[in-house]
Amino acid sequence: MKIFLPLLFLTFFIGCYKQTINSVNTKFPEGRKLYLSKCGGCHRIYDRNEYEPAQWDTIVVSMRTKAKTTVDQEREMLLFLKERE
Ligand code: HEC
């Protein structure tokens, strides 16, 4: 029973994260889709506001071999990640 409550909270917070990024308004839904499918396998989905647009350039390149992305996919993802409301 002691383990149950923390697990419930964790599920709740992870749920919220996904929801935030899915419900955010974007001109680049393809980029979001790619980001969610390519980048969420190994760690949590970082919010795009957690990093500056210039940092995303570096991050996406450094994750290239891990995520097996093509240049086209990276361009699409970066449009989404660097977009600011
Ligand atoms: C195969 C597993 C894997 C995939 C796929 C992956 N990552 Fe990562 N990512 C890691 C690991 C491991 C770390 C932590 C160690 C490191 O920095 O290399 C990390 C760290 C990060 C960080 C934190 C960097 C920091 O400065 O703390 C960000 C942001 C990130 N990844 C974004 C992405 C993005 C964007 C994609 C998709 C293009 C992606 N990751 C795909 C394994 C992965």
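Which helices each supply at least two residues of the shell around the ligand? In this predicted model, the helices that do so are α2 (29–39), α3 (53–62) and α4 (64–67). The ligand is surrounded by residues that include Lys38, Cys39, His43, Tyr46, Ile59, Val60, Met63 and Lys66, and when the shell is sorted by class, as in the table below, nonpolar, polar and charged residues are all represented.

| Class of residue | Number in the shell around the ligand |
|---|---|
| Nonpolar | seven residues |
| Polar | three residues |
| Charged | two residues |

The helix α2 can also be described by its two sides. Gly31, Arg32, Leu34, Tyr35 and Cys39 are the buried residues of this helix, and they lie on the same side of α2 because they cover an arc of only 165° around the axis. An α-helix has 3.6 residues a turn, so residues three or four places apart point the same way. On the other side of α2, by contrast, Pro29 and Ser37 are exposed.

Some of these buried residues appear again in the interior of the model, where the largest nonpolar core consists of nine residues, namely Leu34, Tyr35, Cys39, Trp56, Val60, Met77, Leu78, Phe80 and Leu81. At least two residues of this core come from each of α2, α3 and α5 (71–82), and α5 gives the largest share, four residues. Within this core, Leu81 touches Tyr35 and Trp56, and Leu81 also touches Arg48, when residues up to four places away in sequence are not counted. Cys39 and Val60 belong to the core, and both are also among the residues that surround the ligand.

Technical notes
Residues numbered from 1 in each chain as written. Predicted model: local features only at pLDDT ≥ 70, side-chain atom pairs only at ≥ 80, totals over all residues. Near = placed C-beta within 6 Å. Nonpolar A, V, L, I, M, F, W, Y, C, P; charged D, E, K, R; others polar. Buried ≥ 20, exposed ≤ 12 C-beta atoms within 10 Å, placed from the backbone. Arc of directions from axis to C-beta. Core = buried A, V, L, I, M, F, W, Y, C linked by C-beta atoms within 7 Å. Contact = placed C-beta atoms within 7 Å.
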